[in-house]
Protein chains: 2
Amino acid sequence: MPQNFQDRLAAAIQRCRTPAVVGIDPVYESLPPALRREQPTVRQAADQVHAFCRTLIDIAAAHAPAVKLNSAFFEALYEHGVATYYRLVRHAHARGLLVIGDIKRGDIGSTARLYARGHLAAPPFADVDADCIPDAVTLAGYLGEGAVRPFVEAAAAGGRGVYVLVRPSDPGADEIHGFGGPAGRAFYQHMAELVARWGGGAALVGQCGLSCVGAVVAPKDAASTSALRNTMPVTPWLVPGYGAQGAGVEACRPCFLPGGRGAIINASRSVIYAFSRPELAARGSQDWEACVDRACAAFAADVAPLAGC
Amino acid sequence: MPQNFQDRLAAAIQRCRTPAVVGIDPVYESLPPALRREQPTVRQAADQVHAFCRTLIDIAAAHAPAVKLNSAFFEALYEHGVATYYRLVRHAHARGLLVIGDIKRGDIGSTARLYARGHLAAPPFADVDADCIPDAVTLAGYLGEGAVRPFVEAAAAGGRGVYVLVRPSDPGADEIHGFGGPAGRAFYQHMAELVARWGGGAALVGQCGLSCVGAVVAPKDAASTSALRNTMPVTPWLVPGYGAQGAGVEACRPCFLPGGRGAIINASRSVIYAFSRPELAARGSQDWEACVDRACAAFAADVAPLAGC
């Protein structure tokens, strides 16, 4: 059996001394001016997005154990963006990074089986190798266990992982996730229990004590975050919302298990577009790479103590 | 303003005299033997899937107003499958069909904006035209209105539509969608109310009295289906689960509004793989196209009375 994904991730966190994950969310019109042109063709846009993200990955590799590629930002460029996505997964692997594909897929079992093929399973084709497949993906489990099971099977077979949405970072999601509460048990708590159950089988839990079935949980007030953490004792968390979305280090603290285990923290916009933030750009450099590198180093250092690094 | 999608769909249903939608869910190893080879490369597989689906679309165009392309089945072939998806949308348009992209995307607003670009908005690139963009897409609204709004804006601007998941066809989804019920209001009823509200604005409702914001609702018992129908008086439905998934004509009846308006019925496997069903294949033909054509014609005729055609 291949090594459990969470064991691989734990080793990478130890090696890099931070639980930071750099989120790669490329928007063409937000690229550094030197990488843009007027009215590009879609192929030109995909090529420039590729160049931008390749540099982001090189920078991330110097500071962090993993990157998260958000599929939406590549799908905006149709099949050309999707081709770029797979190229970048391969490049990140070549740089020694673990890769999370942020795909948030969720459909009934017969369809989920096909999504798993494209996004997490070992490629069945002689001309496609596993280097272009992410080490883990995010999922939406709102169509039930059947939506998740094909991915869990692929994860278990390939030393890969999944992170299932439990509590998203967008406040607008509360009208869904608060359903049933506060008097009763809220919907997000129900999802937390289901995800814990789906990933609770002994065969899915690595030597580090964490399952290859994780959860996406945004930090909110400490009390509700701690309650969720108790609901999911072997479930690793991918924590969004750090940086541009408003969460700070303290809000993230209750996401971790004792000893600083069990969570990784993602920042996307606050790192990869640091060159467009006046207070950083004003430090005197026209060099967007240096600006991103500083922001990436600061992010990695800021969250390092959370994991006891 | 372009014509409301539901007005365009109503006209197409009148013209074709059926509310049938043919679901295109291609699995390489289920293709007719003549279209398969041993150990194909991914490009070869994508080419054969394209050939199969192109013929399915030609057949569907003779019987039905619309096809539904399930993105998962194309994503299983990486960027090559995604390129095939867009080619097939274009081909279906050339055959006069409306196209529903079954993508079930759902993420927070800042990400949903990018998904909408790739899947429903008018292409901003000079070398991509709108013919390869579906007329409507399916969505998951579980991250709240922000996950849906960018698509609704694209739909309103382009005479396109969305169908948001309310009640899926997979019985395994009940552990999610039954949450809160039966004593209280169940989660799927909450989603139905939200979807009705998201699509209720006058600017979104066409001359036919239906909104460009629809719902995906699987038929179950008549009482619960009728109750959902009453919750969503201007919400058009895309009804999955017909045929291979078990629902028959009678179960679909309460999905329609008075006069047979407001719903379309999808069948996928029971039509497109009719050649592999012994009772149909045994009718003496080795000709898979003829077998699919008969199944498609029968499906279109079976559901025609539901729409008063």
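A:Val162 has plenty of company: leaving aside residues up to four places away in sequence, it touches A:Ala136, A:Val137, A:Leu139, A:Val148, A:Phe151, A:Val152, A:Ala155, A:Cys212, A:Val213 and A:Gly214. The largest nonpolar core has 233 residues, and of these A:Val162 and B:Val162 touch the most other members. Keep in mind that this is a predicted model.

**The barrel in chain A**

In chain A, eight strands make a closed barrel in the order 1-2-3-4-5-6-7-8, and the pairing is parallel. Going by the average, and ignoring direction, neighbouring strands of this sheet are turned by 30 degrees against each other. Strand 1 (residues 20–24) of chain A and strand 8 (residues 263–267) of chain A run parallel and are joined by three bridges. As for single residues, A:Val21 has A:Asn266 in strand 8 of chain A as its bridge partner. Helix 2 (residues 42–61) of chain A packs on the sheet, where it touches strand 1 and strand 2 (66–70) of chain A, and its direction makes about 175 degrees with that of strand 1 of chain A.

Strand 8 of chain A deserves a second look. On its other side, three bridges join strand 8 to strand 7 (residues 237–239) of chain A, and these two run parallel as well. Here A:Leu238 stands opposite A:Ile264 of strand 8 of chain A.

Is strand 8 of chain A enclosed or open? Five of its five residues are buried, so strand 8 of chain A is largely enclosed by the rest of the structure. In a regular strand, side chains alternate between the two faces of the sheet. Strand 8 of chain A has A:Ala263, A:Ile265 and A:Ala267 pointing one way, with A:Ile264 and A:Asn266 pointing the other way, and all are buried.

Further along the chain, A:Ala295 lies in helix 13 (residues 288–303) of chain A. A:Ala295 counts as buried because it has 23 C-beta neighbours inside 10 Å. From A:Asp7, A:Ala295 is 288 residues away in sequence and 28 Å away in space, C-alpha to C-alpha.

**The barrel in chain B**

Chain B also has eight strands that close into a barrel, in the order 1-2-3-4-5-6-7-8 with parallel pairing. From one strand to the next, the twist averages 30 degrees. Five bridges link strand 2 (residues 66–70) of chain B with strand 3 (residues 98–105) of chain B, and the two run parallel. One pair to look up is B:Asn70 with its bridge partner B:Asp102 in strand 3 of chain B. Helix 2 (residues 42–61) of chain B lies across strand 1 (20–24) and strand 2 of chain B, and runs at about 175 degrees to strand 1 of chain B.

Two residues of chain B have an unusual backbone angle, given that most residues other than glycine have a negative phi. B:Arg17 has a positive phi, near 60 degrees, and sits in the loop between helix 1 (5–16) and strand 1 of chain B. B:Gln39 has a positive phi of about 40 degrees, and its place is the loop between strand 1 and helix 2 of chain B. Here are their surroundings:

| Residue | C-beta neighbours inside 10 Å | Counts as |
|---|---|---|
| B:Arg17 | 16 C-beta neighbours | partly exposed |
| B:Gln39 | 9 C-beta neighbours | exposed |

**How the two chains fit together**

A turn of 180 degrees, with a shift of 0.0 Å along the axis, lays chain B on chain A with an RMSD of 0.0 Å. The two copies are therefore related as by a two-fold rotation axis. Which C-alpha of chain B is nearest the axis? That of B:Glu79, 2.6 Å from it. The same surface serves both copies, with 100% of the contact residues of chain B recurring in chain A.

The contact takes 47 residues from chain A and 47 residues from chain B. On the side of chain B that touches chain A, several helices supply at least two residues each, among them helix 3 (71–75), helix 4 (78–94), helix 5 (109–119) and helix 6 (145–158) of chain B. Helix 5 of chain B gives the most to this side, with seven residues. Sorted by class, the side of chain B that touches chain A has 24 nonpolar, 14 polar and nine charged residues.

Key: Residues are numbered from 1 along each chain as its sequence is written. Chains are lettered from A and ligands numbered from 1 in the order in which they are written. This is a predicted model: local features need pLDDT of at least 70, side-chain atom pairs count only at pLDDT 80 or more; totals for chains, interfaces and linings use all residues. Copies are superposed by least squares on the C-alpha atoms of residues with pLDDT of at least 70 in both. Two residues are in contact if their C-beta atoms, placed from the backbone, lie within 7 Å. Two strands pair if DSSP finds at least two bridges between them. Helices (H or I, at least four residues) and strands (E, at least two) are DSSP runs, numbered from the N terminus. Axes are lines fitted to C-alpha atoms, for helices over the stretch in contact, and angles run from 0 to 180 degrees between N-to-C directions. Ala, Val, Leu, Ile, Met, Phe, Trp, Tyr, Cys and Pro count as nonpolar, Asp, Glu, Lys and Arg as charged, and the others, Gly among them, as polar. A residue is buried if 20 or more other C-beta atoms lie within 10 Å of its own, exposed if 12 or fewer, and partly exposed in between; C-beta atoms are placed from the backbone. A nonpolar core is a set of buried Ala, Val, Leu, Ile, Met, Phe, Trp, Tyr and Cys residues joined through C-beta atoms within 7 Å.
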